[in-house]
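Colleague: I am new to this structure, and I would like a close look at a single part of it. Please choose one part, follow it carefully from beginning to end, and then set it in the context of the whole.

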Amino acid sequence: ELNTITYNAAVSSCGKVGEWALALGLLADMAACHVNLDTITCNASVSSCGNAGEWAQALGLLAEMTVGRVELDTITYGAAINSCAKVGKYDMALGLLAEMTSSRVELNTITYNAAISA
């Protein structure tokens, strides 16, 4: 049976092998199959895009999460900040830090370090 947990595992696996486009395809499949997206699935997708240098895709997922009312957490923002840092988008990384603060999402050492490395 396909459910959120099954998709979480598949999306996470895609990220580990650099298949960011396949991870995004799985998100689309989830919607088509009426399987609810959750923060874990989206975090894995954001990380997958970020690890591949696809920072714009990662930030697009954050916007989709907001529209879909999926909670953005410290891990979500950390992955997005890291994706910006990998390509030198320091302005975007700092903007995400500010967004975390205004959204009352907990900042941690990992998010600060990712922003500093941008």
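Modeller: Two residues are in contact when heavy atoms of theirs come within 4.5 Å, and that is the sense in which I shall speak of touching and covering. The model is a predicted one, and the part I have chosen is helix H3, which runs over residues 39-51.

To place helix H3, it helps to begin with the whole chain, whose secondary structure comes to 7 helices and 0 strands. Read from the N terminus, the order of elements is α-α-α-α-α-α-α. The protein has a radius of gyration of 14 Å, close to the 13 Å that the globule rule gives for 118 residues, so it is as compact as a globular protein of that length. The C-alpha trace spans about 40 × 30 × 20 Å along its principal axes, and buried residues account for 40% of the 118 residues.

On the way into helix H3, the chain passes through the loop between H2 and H3, where His34 lies. His34 is not a glycine, yet its phi is positive, at about 60 degrees. That deserves a remark, because most residues other than glycine have a negative phi. His34 is exposed, with a relative accessible area of 72%. A comparable case can be found further along, for Arg69, in the loop between H4 and H5, also has a positive phi of about 60 degrees without being a glycine, and Arg69 is exposed, at 79% relative accessible area.

At the start of helix H3 there is a polar contact: a side-chain oxygen of Asp38 reaches to within 3.3 Å of the backbone nitrogen of Ile40. From there the helix continues for 13 residues in total, and the distance from its first C-alpha to its last is 18 Å, close to the 18 Å expected at 1.5 Å a residue. Just after helix H3 comes Gly53, which takes a positive phi of about 80 degrees.

How much of helix H3 is covered? The helix is mostly covered, with 10 of its 13 residues buried. The buried residues of H3 are Thr39, Thr41, Cys42, Asn43, Ala44, Ser45, Val46, Ser48, Cys49 and Gly50, a list in which residues such as Thr39, Asn43 and Ser48 stand beside Val46. The elements that cover these buried residues include H1, H2, H4 and H5.

Ser48 makes a good example of this covering, since its place is in helix H3. Ser48 counts as buried because its relative accessible area is 1%, where the cut-off is under 20%. Leaving out residues up to four places away in sequence, Ser48 touches Cys14, Gly15, Glu19, Trp20 and Ala23. One of these partners, Ala23, also leads back to helix H1, in which Ser12 lies: the C-alpha atoms of Ser12 and Ala23 are 7.8 Å from each other, although 11 residues separate them along the chain. Ser12 counts as partly exposed, at 27% relative accessibility.

Val46, another buried residue of helix H3, takes us to the interior of the protein as a whole. The largest nonpolar core has 32 residues, and Val46 is among those with the most contacts inside it, together with Leu62, Tyr77, Ile81 and Leu96. Helix H3 shares in this core with the other helices, as H1, H2, H3, H4, H5, H6 and H7 each supply at least two of its residues. In soluble globular proteins, nonpolar side chains tend to be buried together.

Ile81 shows how such a core residue is surrounded: apart from its neighbours within four places in sequence, Ile81 is in contact with Ala93, Leu96, Leu97, Met100, Thr111, Ala114 and Ala115. Two of those partners, Met100 and Thr111, are also touched by Thr74, a residue of helix H5 that is buried, with a relative accessible area of 18%. A polar atom of the Thr74 side chain lies 2.7 Å from the backbone oxygen of Glu106. For the chain in general, among contacts between residues at least 6 apart in sequence, 59% join residues at least 24 apart.

To return to helix H3, the picture is of a mostly covered helix, with H1, H2, H4 and H5 among the elements that cover its buried residues.

Definitions and conventions
Residues are numbered from 1 along each chain as its sequence is written. This is a predicted model: local features need pLDDT of at least 70, side-chain atom pairs count only at pLDDT 80 or more; totals for chains, interfaces and linings use all residues. Side-chain values use heavy atoms; hydrogens and water are left out. A nonpolar core is a set of buried Ala, Val, Leu, Ile, Met, Phe, Trp, Tyr and Cys residues joined through side-chain atoms within 4.5 Å. Buried means under 20% relative accessible area, exposed over 50%, partly exposed in between (1.4 Å probe, protein chains only). Helices (H or I, at least four residues) and strands (E, at least two) are DSSP runs, numbered from the N terminus. The expected span of a helix is 1.5 Å times one less than its number of residues. A polar contact is a pair of N or O atoms within 3.5 Å; within protein, one must be able to donate a hydrogen and the other to accept it, and residues adjacent in sequence count only if both atoms are side-chain atoms. The radius of gyration is taken over C-alpha atoms; the globule rule is 2.2 Å times the number of residues to the power 0.38.
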